[in-house]
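Hi everyone, thanks for coming. I'd like to walk you through one protein model today, so have a look at it while I talk.

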Amino acid sequence: MCGIVGYVGDGNVYDILIKGLHRLEYRGYDSAGIALGTPSGKINIYKSQGKVSNLEDFCKDKNLEATSGIAHTRWATHGEPSDTNAHPHFSEDGNLALVHNGTIENYKVLKDALIQHGCTFHSETDTEVLVQLIEYIKLKNDCSLLDAVRMALKQVVGAYAIAVIEKNHPDKIIAARNSSPLAVGIGNNEMFLASDATPFVEYTNECVYLKDGEIAIIEKGEPLKIVNLDNRETQIDVTTLELSISQLEKGGYEHFMLKEIFEQPTTLRDCIRGRVIEGGKKIMLSGVIDGKEKFLNAKRIVIVACGTSWHAALLGKYLIQDMCKIPVEVEYASEFRYSNPILDEKDVVIAISQSGETADTLAAVKIARNMGAYVYGISNVVGSSIPRETESGTYIHVGPEIGVASTKAFTGQVMVLTLLALSIAQLKGTMTLEKISWLGEHILKIPSTVEKVLALNDKIERLSMKYTYAKNCLYLGRGFSYPVALEGALKLKEISYIHAEGYPAAEMKHGPIALIDEEMPSVIIAPKDHVYEKIVSNVQQVKARGGSIIAIVNEGDEIISKMADHVLEVPEMPECLTPIITSIPLQLLSYYIAINKGKDVDMPRNLAKSVTVE
């Protein structure tokens, strides 16, 4: 879950690398470092614990001359955050410098063997083991850096994306990947390397995404060359990027998270565009058309995801079972991969991941394919691993999400799952055309409805002051509102560090009700749906025990509004569409509570945006 940047060319190497690190800081911010290959045949490494800005301060009086360089922003796995454990790491003789994203699972075995051969280690990281191994192989076999990297990686077990430079060849970077993302940007007499395309989008729109087991040779004045671990050249597939610099900047907002919350009317329009047609009468998803026979004959659908995407998956279950009459199971990808799953060719597996690089979800995809299931991907990042590994799928098209706590990606995922369910129902004939058209018309209204919900911003900001210092919070919902409760609780935990739990409202009396008192607020999601009368009873149970209630209700609500301490009214929508609407106030509430507590909402402690390690 670290960020890698590399550059070879005539530009200002240091400035390009530092700017790239800032773009990737959402992937990790425990420490940062940079290795500069100089024309004099020396590698200068500068490292600092903390954010990239700390590294910038450290480098102010340093020699920054360079013809190439690699850089890294870290989310710690092996070894605590420190200057010593920060990347890049030197080989023992100082000839090589390496940065790494991923986890080397057999690092201890390799380290013990290298110690037996006289190697000395200075850090606690698995990364230093890899650079020492490459150096040892290079010296022992008197071979090129490329050959040493190839031979070393054949001994490695685990996930990695690496970049290595050599002091005797300062105009060359060797890079490789296995289950961790790595992209090469091809510019005019210059090349870039990064964990994703954001660091180089302002310099070029030509991008090559490395595949597992590929090694890139990036050399000044030479065309890009890619080989596999057996040194056979592989085909280079160039992708044209559609990113813009404005998508990577805050645009006048104080934080990316707030910007991304307010972008949702636009991102939902982008998500819907071209997919809900003829005024809502028809739903068109090309991925479903591609897999038509698989969906028509599916005996079961299994959805795998992690974190916020798992909450979207729960909503996908409700939507698909209700609309398509197909049984659906939802699995944490991290549990699915170790649960001895039973799948066959009549199963459809849907994998959901914002980044398209989530390690557990990607592993689940590979397992499902190996067992013969048809695998459908839902992702945000074009060209990422999950879209490449799945047989068909749908992009959510919400643009880059920089804030670690997902907001617009969640609503985009829920929207795509809604369209997916409607599209399958259309194929199977499990819904009338009138019902599909009615829902389609309301889907087209969702962006403008979200704009109305965002008008609650000032009220929610004032309300947040009352609950800033709560120590615990309970989120309750039933039916479609239950996953919304889970997501609301997760948002509060992620960025404010307040303990919060989401529960099905009916389960409250089976344990959590014991926690309720005047110091523990409850957030209750209660739109006017088929379980509304049931949740009224749950509200009464909380009030009877002195609990404070924040209620999300529909406009004009006359029952719960009279019982709740605070009410946030949202427009009424068809029941299956309410999660997109009711999740917005919870995003804002979490944001403002965290801001009141002085937390860094874009980079909450211990979290990284793209979880590319186990």
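Let's start with a bit of vocabulary: two strands count as paired if DSSP finds at least two bridges between them. Helices (H or I, at least four residues) and strands (E, at least two) are DSSP runs, numbered from the N terminus. This is a predicted model, so local features need pLDDT of at least 70 and side-chain atom pairs count only at pLDDT 80 or more, while totals for chains, interfaces and linings use all residues. Residues are numbered from 1 along each chain as its sequence is written, and side-chain values use heavy atoms, with hydrogens and water left out.

Okay, first stop. Strand 20, residues 374-379, runs parallel to strand 21, and four bridges join them. One pairing to find on screen is Gly-377, whose bridge partner in strand 21 is Gly-393. Those strands belong to an open sheet of five, in the order 18-17-19-20-21, with parallel pairing. Which strands are at the edges? They're strand 18 (328-332) and strand 21 (392-395), and each pairs on one side only. From one strand to the next, the twist averages 20°. Angles here run from 0 to 180 degrees between N-to-C directions, and axes are lines fitted to C-alpha atoms, for helices over the stretch in contact.

Now look at helix 12, residues 359-370. Helix 12 lies across strand 17 (300-305), strand 19 (347-353) and strand 20, and runs at about 165° to strand 19. By contact I mean heavy atoms within 4.5 Å.

Next, strand 4, residues 68-74. I'll say buried for under 20% relative accessible area, exposed for over 50%, and partly exposed in between, using a 1.4 Å probe and protein chains only. How many of the residues in strand 4 are buried? Seven of its seven. In a regular strand, side chains alternate between the two faces of the sheet. Here both faces are covered: Ser-68, Ile-70, His-72 and Arg-74 are buried on one side, and Gly-69, Ala-71 and Thr-73 on the other.

Strand 4 has antiparallel partners, too. Strand 1 (residues 3-8) joins it through six bridges, with Val-5 opposite Ala-71. Strand 2 (residues 31-37) pairs with strand 4 over seven bridges, and there Leu-36 stands opposite Gly-69.

Over to Leu-24, which sits in helix 1, residues 13-24. Leu-24 counts as buried because its relative accessibility is 0%. Not counting residues up to four places away in sequence, its contacts include Val-5, Thr-73 and Pro-199. The C-alpha atoms of Leu-24 and Ala-194 are 8.6 Å apart, although 170 residues separate them along the chain.

One more helix: helix 3, residues 107-116. Its buried residues are Leu-110, Lys-111 and Leu-114. Why do they line one face of the helix? Seen down the axis of helix 3, the buried residues fall within an arc of 100°, so they line one face. That arc is taken from the directions from the helix axis to the C-beta atoms. On the other side of helix 3, Val-109 and Gln-116 are exposed. Strand 6 (96-104) and helix 4 (126-141) are among what covers the buried residues. Just after helix 3, Gly-118 takes a positive phi of about 95°.

That's my tour, so let's go back to the model and talk.
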